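Dear colleague,

Please find below the structure that I am handing over to you. A summary of what was found in it follows.

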Amino acid sequence: MYVLAADFGTSSVKTAILDENINLIKTAKHNYEFKVTEKNRVEIDVDEVMNAFIQSLHELKEYLPHVEAIGFDTFAPSFLLMDKEGNAVSRIITHLDRRSRQYTKKIIENIGKDEFRNITGTLPHAGGVTLTTLLWFMDHRPELIDRTEKIGHLSTYLFKRMTGEWAIDLTNASITGMYQTVKNKGWSHEICKLFNVPERLLPEIFETGDCSGILQKEMAEKMGVKQGIPVMLGMQDVAGAIVGAGNTQTGDVLFISGSSEMISVLSDRPVTNDKYYLRCSPVKGKWQIFSITTAGFILEWFQNEFYREMSKEGFFQKHLAEVLENEYQSDGVRFLPYLTGDRQSLRVKKGAFSGLSLSTKRDDLLNAVIDGIQNPAKITLEECKKIINVNKYMKATGNLVENPSYLKRKRSIFDDAEIEVVDNCPLKGCAVLAWNMLKKNNLLHIGGR
């Protein structure tokens, strides 16, 4: 018996077959492109995401007839408008999109910064909450709103396509800017009323891991799996990583180092702060304190602009390690990692180097980039220590920490912290919840359908 897990990221989908012991039997990955359609607009065509998903499954085809359940996670915010049949009315509006920045100001003027944060757990940052994007569409594309049955993230779209049911889990709901995250108490009628958001557009909310549906015939045939097997309602990707890492206790820390550099710390106290996001977690009775900045995307940009004579493989697999292993003195060179702005600031930020001199080399800039992308997580960790006891044994996942030299530098930056790497956390988290669902519903030996 196997489960199929899928991790939908900003630029690719990873799929995997896992057994009852959460061993990865086989994995596959297919890319898709996000499109910068206009200044500050960053979108993904949902059909490209679905095609990449189906293509990845072709590489797992020998195991698909034996799959008994499906679990998945998605990046978020990943805003979508959907019609009655669940078809996408809009492209996916990604967390890199900043078109709705003006609505941050509008929200704060109407409800107040502190009041909004004390309801939702965060400030209404463009790219950080769904509400700003929804308000943009209500003002600029009302004809699309008229065609819309439900809004949601990519997780809601996928669940509807697979099962025919509308739903959103707590971890995604708490990223919308319309959920009562601090009280963990459902959609905020106050916010919806104040900004004229029709609550009919909002899917029903379920606890993470507590909702599943039945795979319908059309998607079963496209995917190459049995019709009628259970599908776990998708969660946000960081939540999947938390489950896969086995983090369950207050103070447990997880770094996610990939296209973005993220930190998630579990807390039993819903304390809000302008310097981080407070979100629901997949662990009942716990919230996650979360921050993010761009990482892998910045390194790709840096390689393309400063090391063009090197191949991508040569830069990431050899040169990056050599630079990180050398004794490094910053000599005052600093990097602000805001090439895509800052989702945790009300001010418009941009990336910048400082402390340069005629002796500065490009390797010095690279070292400054590595250090700079850790700063938001360092700030978040210090804020966490003010309210909870932070576990000194931390975990990390993602392709960057699979580089031993990057991991060594990261440990050094975080005061020689003990950091354990756990590979493929999101995929494993999806599989854990899928197996738990099978056990809970006594479906472990259902056989063929």
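**Helix packing, aromatic pairs and nonpolar cores**

Helix 10 and helix 16 are roughly perpendicular to each other, because the angle between them is about 75 degrees and angles of 65 to 115 degrees count as roughly perpendicular. Please note that this is a predicted model. The axes of helix 10 (residues 237–245) and helix 16 (residues 425–440) lie 6 Å apart. On the side of helix 10, the residues that take part are D237, G240, A241, V243, G244 and A245; they meet C425, P426, K428, G429, V432 and L433 of helix 16.

I turn next to the aromatic rings. The count comes to 17 aromatic pairs. One of them is the tilted pair of F8 and F53, with 5.2 Å from centre to centre and 55 degrees between the planes. F8 belongs to strand 1 (residues 2–8) and F53 to helix 1 (residues 46–58), so this pair ties together parts that are 45 residues apart in sequence. F8 is buried, at a relative accessible area of 0%, and F53 also counts as buried, at 1%.

The rings of F302 and F353 form a tilted pair as well, with centres 6.3 Å apart and planes at 55 degrees. Here too, distant parts of the chain are linked: F302 is in helix 11 (residues 296–306) and F353 in strand 20 (residues 352–354), 51 residues apart. F302 is buried, with a relative accessible area of 0%, whereas F353 is partly exposed, with 24%. Both residues belong to one aromatic cluster, which also includes W301, F306, Y307, F315, F316 and F335.

Charged groups are also found over rings. The charged end of K410 sits over the ring of F255, 4.4 Å from the ring centre. In the case of R279, the charged end sits over the ring of Y277, at 4.9 Å from its centre.

Finally, there are the nonpolar cores. In soluble globular proteins, nonpolar side chains tend to be buried together. The largest nonpolar core in this model has 42 residues, and F255, V265 and L366 are those with the most contacts inside it. Leaving aside neighbours within four places in sequence, F255 is in contact with several residues, including E261, M262, I263, A377, K410 and F414. Another core, of 40 residues, lies apart from the largest one. Among its residues are V13, I44, V49 and F8, the last of which is the partner of F53 in the tilted pair described above.

With kind regards

Methods. Residues are numbered from 1 along each chain as its sequence is written. This is a predicted model: local features need pLDDT of at least 70, side-chain atom pairs count only at pLDDT 80 or more; totals for chains, interfaces and linings use all residues. Side-chain values use heavy atoms; hydrogens and water are left out. Rings of Phe, Tyr and Trp (its six-membered ring) pair if their centres lie within 6.5 Å; planes under 30 degrees apart count as stacked, over 60 as edge-to-face and the rest as tilted. Helices (H or I, at least four residues) and strands (E, at least two) are DSSP runs, numbered from the N terminus. Buried means under 20% relative accessible area, exposed over 50%, partly exposed in between (1.4 Å probe, protein chains only). A charge sits over a ring if NZ of Lys or CZ of Arg is within 6 Å of the ring centre and within 35 degrees of the ring normal. A nonpolar core is a set of buried Ala, Val, Leu, Ile, Met, Phe, Trp, Tyr and Cys residues joined through side-chain atoms within 4.5 Å. Contact means heavy atoms within 4.5 Å. Axes are lines fitted to C-alpha atoms, for helices over the stretch in contact, and angles run from 0 to 180 degrees between N-to-C directions. Angles under 35 degrees count as roughly parallel, over 145 as roughly antiparallel, 65 to 115 as roughly perpendicular and the rest as oblique.
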